[in-house]
Amino acid sequence: MIYIFDKNEQLLTILKPDGPCPYKEAAHIEQLNKENTFSFWIPADHADSQYVKEENLVAFKDLDGDIRLFVIKELDEVHDDVLYKEAFCQAAWKDELGEEPLQDIRPQNKTAAEALTSALQNTRWKVGNVASLGTNSTNFYYEKVTSAITKILTIWGGEVKDRITVSNGKITGRYIDILARRGADTGKRFEITKDIQSLKRTILSYPKTALYGRGKGLETEAGGYSRKITFADIVWSTANGNPADKPAGQEWVGDPVALSQFGRENPDGSKRHRFDFVDFSDEEDPANLLNQTWNDLQNRTKPIMRYEMKVIDLEKIPGFEHEKSRLGDTVFSIDRFFSPALLIEARIIEIKRYLNEPERTEIKLGNFIDDIFDYNKKLEQIETKINDNSGIWEQGGGPVTDTDFPDTVPPVPTNFKASGAFKTVMLSWDFNPSSYIASYEIYASKVNNFTADISNRVWSGKAGGYVHQGNINETWYFRIRAVNTHGTQSALSAQISAATVQIKAEDILPYVITNELIAENAAIDFAKIANVEIINAMISNLSMDKLEGGYIKLGELYGDGQIHVYDSTGNITGRIDPSGIYSPTIRSNNFIGNVVNKWLGAGNVTYYVDCDNGNDANDGLTSLTPKRNIQALINSYPKDLNAANISIRAKGSFGGIIFVTGFRNGYFRIIEWDESNSLNTNQIWVDFCDYVMLQNVTTWGTSATGDAMIYGYHCKQVEIVGCKAYGESVKPFAFLMEGTTFFLNSCHVYEVTDRGLYANKNSHGVLLNGKGSAPVAVLAENGSVVSGYGSRWDGSLTAVNAGEVWPASSWIIDTGTSTPPPSTPPAPVQSEQTLSVTPSTGDNYSTNGYWTDNEVKQGNWGHGDRYGLWYMDLSAIKGKTIVSATITVNRIAGSGNNAARTIHFRTHRTTKGNRGTGAPAMSAVAATGSIAISETLTFDITSMVQNNIANGADTAIGVHTTGQTDYMSLGTQPTITIRYK
């Protein structure tokens with residue numbers, strides 16, 4: 001399912017692949033620490049397509065059950081063979097945090113979680129699950145939050161994932177997780193004869209076998225600068241333990257192994273180096289310059305391999321759950337048809353998944369290339385460094401930074417040891433306190449003789465030990481190296497290993513508490529067990545008088561979870577099990593979305609709607625308690641009617657379109673209130689339903705959307721009885737049926753500009769006892785068949801494109817009498833009214849208690865955070881439908897900062913008589929915006945608070961915030977203006 005929210009995070013609709021507005025081509029593309037996009041398309045001619053618009057939010061659950069949030073950034077509306085709308089979405093965290101600024105934050109010797117907390121502190125996103133990646137330092141200086149997160153990933157390591165939480169149709173939390181790594185070493189094997197549909201290998205071969213290295217230009221005695229330094233005077237010899245031979249006077253260093261593999265052949269059979277140049281513009285030491293040049297060469301001596309596969313995701317097939325694959329997994333890919341056979345061990349660096357289409361999954365494998373920063377970003381970093389330090393450089397001094405330490409290649413950490421324990425491996429090494437050493441890096445894998453790179457770096461920090469988390473009975477292999485403040489790395493240590501252990505029964509048997517020991521010695525009573533916290537327990541049977549807590553999980557490993565509720569006589573009154581919720585009565589003020597998707601009522605049910613004088617707070621079950629908004633009532637029904645017959649007896653005027661969509665397994669009727677009262681409206685659309693009846697409904701044409709006044713679209717049967725269609729000379733058609741079986745009886749047609757009945761796309765139906773006139777009485781097209789008898793309205797009978805019209809011999813024309821056609825369409829469904837409320841007085845609360853003043857305050861200017869209260873009576877709105885609501889308020893001079901500051905409106909239920917002695921309870925944010933000294937401004941009240949006012953949950957508005965930043969005083973008599981129906 002795809003959830004669509006508006007910009008204010010109100011849930012608008014839920015799209016399903018087989019629903020009335022089905023989504024197609026729903027593709028989620030995610031790369032490690034890089035792109036995260038989502039796209040899909042839907043029919044553009046369905047009513048729900050209006051919600052797929054720019055800046056609206058899109059969410060869905062990934063395969064791990066996490067809800068991922070996106071923002072619609074681009075839309076294509078296409079009219080080809082079909083009419084559809086395609087949405088292109090960006091990850092919401094990148095969109096939002098890419099517009100959140102940071103000025104000057106300097107996390108020093110902090111964990112990754114602490115650094116992330118400082119980056120997210122003034123945003124709507126929170127720190128989620130963050131791995132232990134050691135301590136490090138950085139700064140965030142006039143940059144975006146997304147840039148700060150990238151820095152954290154670069155310096156501390158780890159891989160990012162975003163997720164949100166949703167409750168009752170509202171987004172309740174946004175989280176950024178930084179994991180030690182995405183995915184795992186699963187042992188998963190993709191094979192060409194099993195789950196690989198196609199495989200593509202891309203080889204990027206630009207190897208270099210030797211590099212010239214150049215360092216910093218040094219200042220001369222004359223005040224100028226020398227040429228950039230080289231390492232020509234440094235001598236390396238493999239006999240002395242150096243990695244290569246480099247004689248004095250040679251300004252380049254070569255790799256003999258790479259030369260033998262990739263060197264070009266000279267005429268004499270010897271190999272010729274493939275050269276390039278590299279600059280280290282801050283390096284002043286030739287020996288260090290040689291080390292850095294050698295390290296850079298090692299990254300250029302091998303071709304880069306990338307593999308792209310189209311695979312079948314077997315995870316969803318019962319019995320193949322172990323075949324799951326996730327972003328970041330280290331997997332094997334086998335294609336024995338290559339010569340030689342292609343055997344790959346690599347990480348999944350990109351996955352493209354189609355929702356509900358596992359056979360279309362596409363996976364990219366490759367050696368992880370740490371390209372979080374592209375070339376342009378590197379240029380931006382250089383420019384920023386120059387700009388940020390130009391003043392210091394011009395003055396010839398400044399604070400000591402990491403770059404002031406010598407770029408000395410750190411030694412390999414010594415005394416590196418590993419010791420296995422239960423699900424963990426404890427690592428230790430000799431800690432070097434030298435200032436120029438910035439951190440240590442730990443690399444780990446379950447593969448012996450693994451290649452250490454960023455994909456298997458599990459920790460980075462400045463400490464002398466680390467605890468690696470694993471599972472039982474696993475052998476892990478580790479390597480370590482040190483990194484200096486310039487980012488120069490030492491060589492890797494030799495590989496060490498250790499195995500996690502499993503606690504066996506015989507290890508704990510002497511310590512097992514048996515029933516006999518408890519009976520003999522424990523003597524546990526209520527006093528001894530009070531206040532004891534049980535962290536984890538397996539209890540076969542639990543008897544209790546009261547259970548409190550925040551989370552109950554039933555079933556899964558223990559079979560189907562169930563809850564049974566009994567009354568005092570032992571009779572079961574309700575239960576929850578995997579098949580559903582069962583209770584004689586389910587009570588709720590508000591069901592949202594498809595919370596209930598099957599009608600559980602018994603037999604036939606009738607509701608009453610008075611579109612002029614009803615009240616939506618009524619239950620609608622009798623003619624004395626009618627509801628008012630017929631569309632809201634229709635939307636409240638479950639789509640699966642479960643063999644029930646639902647009738648709506650309606651009267652009054654509903655301006656606009658009535659949508660009857662997706663009802664199945666039952667009979668849905670909209671009929672007259674009584675013989676003298678019926679429903680008037682502009683249009684009715686019936687689509688994707690099983691059985692629907694419209695009886696004695698009058699429709700008046702307007703120039704609004706659509707060509708017809710009553711639509712039947714892809715329904716099993718639509719029965720239209722006694723309905724009158726007045727085209728008002730603006731509507732082309734009275735009735736339009738597409739892909740539908742229909743029955744029109746005793747209907748009238750007047751003042752349409754084209755067709756009385758238009759049957760299209762294999763519709764079949766009967767027209768009898770009709771009256772009125774139209775230029776074309778009946779048009780049957782594209783395989784549709786219309787037959788009739790009795791009377792019909794005047795006009796020609798036309799059949800085209802394999803359509804047929806079968807007039808019976810007794811099918812006579814009856815022009816009827818318009819009774820009489822009104823000059824205007826019906827009144828809107830509910831006429832809008834306006835209520836303006838001005839509070840009688842205002843109150844304040846702080847640590848000094850309540851006091852009445854000529855000002856209402858928010859914020860803290862001494863004496864604690866203020867709560868400002870306006871007392872008002874909004875009870876007249878209860879049960880109404882609010883169209884809009886605003887609050888107009890003035891800010892009083894002499895309060896806080898003169899510049900514009902944010903005002904924080906909140907709702908409350910406090911009155912002068914019930915305020916008590918403690919701080920008032922304030923709930924939802926009612927409105928927000930900025931206001932300066934002496935300004936009078938109007939602010940929109942949020943739709944959620946409008947709903948709370950309409951259902952009586954909130955009765956008044958106040959202000960509240962913390963701290964001095966937004967401290968202000970406001971007038972005691974703002975104006976609340978509410979437009980309602």
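How much accessible surface does the protein chain have, and what share of that surface belongs to carbon and sulfur atoms? In this predicted model, the accessible surface comes to about 50,600 Å². Carbon and sulfur atoms account for 49% of that area. The protein chain holds 981 residues, and 43% of them are buried.

The secondary structure comprises 69 strands and 11 helices. Contacts between residues at a separation of 6 or more were also examined. Of these contacts, 61% link residues 24 or more positions apart.

One open sheet is built from three strands. Their order is β28-β29-β32, and the pairing is antiparallel. The edges are taken by β28 (417-421) and β32 (465-469). Each edge strand has a single partner strand, so one side of each is left without a neighbour in the sheet. Neighbouring strands here are turned by 20° against each other on average, with direction ignored. Strand β29 spans residues 424-428. Five bridges join β29 to β32, and the two strands run antiparallel. Within this pairing, Thr 424 has Gln 469 of β32 as its bridge partner.

Helix α11 covers residues 943-950. Its buried residues are Val 945, Gln 946, Asn 948, Ile 949 and Ala 950. An α-helix has 3.6 residues a turn, so residues three or four places apart point the same way. In the buried set of α11, Val 945 and Ile 949 are listed together, as are Gln 946 and Ala 950. After α11 comes Gly 952. The phi of Gly 952 is positive, near 85°.

Positive phi values also occur outside glycine. Most residues other than glycine have a negative phi. Ala 643 departs from this pattern, with a positive phi near 70°. Ala 643 sits in the loop between α10 (630-635) and β39 (645-661). Is this residue, Ala 643, buried or exposed? Its relative accessibility is 69%, so Ala 643 counts as exposed. The cut-off for exposed is over 50%.

Phe 688 is a further non-glycine residue with a positive phi, here near 55°. Where does Phe 688 lie? The residue is found in the loop between β41 (679-687) and β42 (691-695). The relative accessible area of Phe 688 is 33%, so this residue is partly exposed. Ala 643 is thus exposed, whereas Phe 688 is partly exposed. Both residues lie in loops, Ala 643 ahead of β39 and Phe 688 ahead of β42.

Conventions: Residues numbered from 1 in each chain as written. Predicted model: local features only at pLDDT ≥ 70, side-chain atom pairs only at ≥ 80, totals over all residues. Heavy atoms only, no water. Helix = DSSP H or I, 4+ residues; strand = E, 2+ residues; numbered from the N terminus. Buried < 20%, exposed > 50% of the residue type's maximum accessible area, 1.4 Å probe, protein only. Contact = heavy atoms within 4.5 Å. Areas by Shrake-Rupley, 256 points an atom, 1.4 Å probe, with all protein chains shown as cover. Pairing = 2+ DSSP bridges. Axes fitted to C-alpha atoms, helices over the stretch in contact; angles between N-to-C directions.
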